[in-house]
Amino acid sequence: MSGPLPRSLLPDTAAVDDTGRLAIGGVDVLELVERFGTPLFVYDEEHLRARCREAVAAFGPGVAYATKAFLTTAMARLAHEEGMQLDVATGGELAIALRAGVPPADLVFHGNNKSSAELAAALDAPVGRIVVDSFDELDRIEALVAEGREAPRVLVRVNPGVEAHTHRFLQTGVTDSKFGFPLLGGDAERALARATASPAMELVGIHAHIGSQVFDVASFERAVAALAPFVAAHDLEEFSVGGGLGVAYVVGETAPTITEWATAVRRAVAEAGLDVAVLAEPGRAIVAGAAITCYRVGTIKEIPGVRTYVAVDGGMSDNPRPVLYGSGYEAFLPRATDAPRPRRVRIVGKHCESGDVIVDEAMVPEDLAVGDVLATPVTGAYGHSMGSNYNMVLRPPVVFVRDGRARLVVRRETVDDLLARDLGG
Ligand code: LLP
């Protein structure tokens with residue numbers, strides 16, 4: 001527990017010099033902090049590209065990056081350049097992907113409660129596929145097509161009733177879920193029958209997403225087995241297993257690779273005797289490990305016999321995952337990347353909440369001091385994308401590094417940004 005940060009938790013191109021300083025993408029991290037300030041998201045572009053290429057090699061060209069994990073126009077472009085389609089789940093994500101220049105045919109549109117306006121935008125694009133989630137949505141699509149729009153290609157989202165081994169909030173494949181048509185009770189069957197019969201859509205496949213941060217590929221195999229008879233009965237061309245592959249965040253965790261995940265899923269599909277295109281939508285597995293977040297330590301409070309609090313200049317506004325899911329992270333000092341970490345502290349943010357914790361029980365180097373730059377690895381997924389302005393904290397910039405160069409892809413938020421929608425009336 002008190003050892004140095006395992007290199008496996010750092011982005012692919014991480015390198016440490018003789019003095020212990022960390023570089024990513026050939027750029028010294030502390031120099032990045034000098035230039036862009038803290039908090040700062042640093043993404044290893046090679047790492048992102050390598051995971052996209054792995055996904056395409058493992059699943060084929062229909063594999064989509066789930067943009068909810070991390071979306072900027074640079075990220076959308078990068079994933080598409082590497083051959084991925086994009087999964088977008090709201091009108092906002094759709095707009096960003098289109099603004100990035102991703103061809104609409106390479107977009108898959110999701111959402112459990114798509115509005116008519118969102119569906120109209122998807123149909124007008126027109127996106128390559130819509131994953132239908134409810135009977136009301138089927139009604140809306142029919143109404144929009146009746147107005148003269150082209151019939152979309154659709155997948156029906158089926159809830160297989162499979163319990164993935166993950167946090168309760170991250171499970172989506174259990175029958176008691178707001179997502180998809182449950183197998184249990186026949187709704188899935190009714191939705192497929194309706195989509196097949198409707199001239200307002202072309203049914204191409206079924207979709208199931210069982211949850212997120214799933215470590216055990218057997219959960220996906222169970223979902224495939226549960227849905228296989230269904231896919232066979234309807235002679236569908238496409239079977240999407242959604243996203244959900246877990247990643248290692250802390251010492252001692254290991255996760256299957258994208259390739260191992262794809263191999264298990266494909267094997268399960270073959271064992272079920274299906275001849276379909278297997279699709280998937282990884283989000284976290286593409287981006288989580290690619291980034292670190294850099295903070296500045298502002299104050300250290302030692303409560304003798306109780307604990308030590310190390311407060312940094314960000315918090316739940318740039319990483320709400322510890323608060324929401326009790327998620328664990330590691331911490332280290334980019335000035336002494338490989339230093340032993342014997343000191344146990346609680347790393348907290350600057351928000352006016354006791355729950356504003358970044359790492360509940362962090363092991364850090366003995367000499368950690370006020371003014372240090374402290375970093376948390378594996379923060380590339382669901383940090384920036386779930387960030388907020390709580391306490392009117394300014395959201396951090398995002399920097400991509402590659403081949404010794406840094407490019408700012410999202411600038412730091414300003415007070416003018418905070419005021420931009422405040423009409424003062
Ligand atoms: N496809 C669908 C339909 C999804 O709902 C999701 C995630 C994905 C793909 C991508 O899942 P991934 O490969 O990233 O696990 N905020 C939570 C995760 C919520 C995931 C929601 N849906 C977290 O920070 O852990």
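Helices are DSSP runs of H or I with at least four residues, strands are DSSP runs of E with at least two, and both are numbered from the N terminus. The views below show a predicted model.

**View 1. Domain 1 and domain 2 of the protein chain.** The domain assignment of the chain gives domain 1, made of residues 7-44 + 290-420, and domain 2, made of residues 45-287. Taken over C-alpha atoms, the centres of domain 1 and domain 2 are separated by 31 Å. The contact between the domains takes 28 residues from domain 1 and 25 residues from domain 2.

**View 2. The largest nonpolar core.** This core holds 126 residues, and the members that touch the most other members are M75, I130, F239, I292 and I347. Helix α8 (residues 217-234) supplies the largest share of the core, with seven residues, and at least three residues come from each of domain 1 (7-44 + 290-420) and domain 2 (45-287). In soluble globular proteins, nonpolar side chains tend to be buried together.

**View 3. The surroundings of I347, and a separate core.** When neighbours within four places in sequence are left aside, I347 is in contact with V310, V312, A331, V357, I358, V359, A362, V364 and L374. Apart from the largest core lies another core, of five residues, with A64, V108, V131 and V204 among them.

**View 4. The largest cavity.** The structure holds three cavities of 30 Å³ or more, and the largest cavity encloses about 80 Å³ of space. Its lining is formed by G62, A64, Q85, V108, R129, V131, L155, H207, S240, L279, A280 and E281. By class, these lining residues divide into six nonpolar, four polar and two charged. Among the lining residues are A64, V108 and V131, which also belong to the core of five residues.

**View 5. The second largest cavity.** This cavity has a volume of about 40 Å³ and is lined by A208, I210, F220, A223, V224, L227, F239 and V241. Helix α8 gives the most to the lining, with four residues. The lining of the second largest cavity has eight nonpolar residues, with no polar and no charged residues. F239 in this lining is also one of the residues that touch the most other members of the largest nonpolar core.

**View 6. The second largest pocket.** With a volume of about 540 Å³, the second largest pocket is lined by 21 residues, of which H384, N389, R395, V410 and E413 lie nearest its centre. The elements that give two or more residues to this lining are α3 (73-81), β20 and α12 (415-419). The lining of the second largest pocket divides into seven nonpolar, seven polar and seven charged residues. Because domain 1 (7-44 + 290-420) and domain 2 (45-287) both give residues to the lining, the second largest pocket lies between them.

**View 7. L98 and the cis peptide bond at P126.** L98 has its place in helix α4 (residues 91-99) and counts as partly exposed, because its relative accessibility is 33%. Not counting residues up to four places away in sequence, L98 touches P104, L107 and A125. From C-alpha to C-alpha, L98 and A125 are 8.5 Å apart in space, although 27 residues apart in sequence. A125 is in turn joined to P126 by a cis peptide bond, with omega of about -20°. P126 is found in the loop between α5 (116-124) and β8 (129-132).

**View 8. The cis peptide bond at P39.** T38 and P39 are joined by a cis peptide bond whose omega is about -10°. P39 is found in the loop between α1 (29-36) and β4 (40-44).

**View 9. Positive phi at Y382 and D403.** Y382, a residue other than glycine, has a positive phi, near 60°, and is found in the loop between β18 (373-377) and β19 (398-402). Its relative accessibility is 15%, so Y382 counts as buried. D403, which is not a glycine either, has a positive phi of about 50°, and its place is in the loop between β19 and β20 (405-410). D403 counts as exposed because its relative accessibility is 59%.

How values were computed:
Residues are numbered from 1 along each chain as its sequence is written. This is a predicted model: local features need pLDDT of at least 70, side-chain atom pairs count only at pLDDT 80 or more; totals for chains, interfaces and linings use all residues. Side-chain values use heavy atoms; hydrogens and water are left out. A nonpolar core is a set of buried Ala, Val, Leu, Ile, Met, Phe, Trp, Tyr and Cys residues joined through side-chain atoms within 4.5 Å. Buried means under 20% relative accessible area, exposed over 50%, partly exposed in between (1.4 Å probe, protein chains only). Domain bounds come from an automatic or database domain assignment. Contact means heavy atoms within 4.5 Å. On a 1 Å grid over the protein atoms alone, a cavity is a set of points where a 1.4 Å probe fits but cannot get out, and a pocket is an open set with protein on both sides within 12 Å along at least five of seven lines; lining residues have an atom within 4 Å of a point. Grid points are joined across faces, edges and corners, and a volume is the space filled by probe spheres set on the points. Ala, Val, Leu, Ile, Met, Phe, Trp, Tyr, Cys and Pro count as nonpolar, Asp, Glu, Lys and Arg as charged, and the others, Gly among them, as polar.
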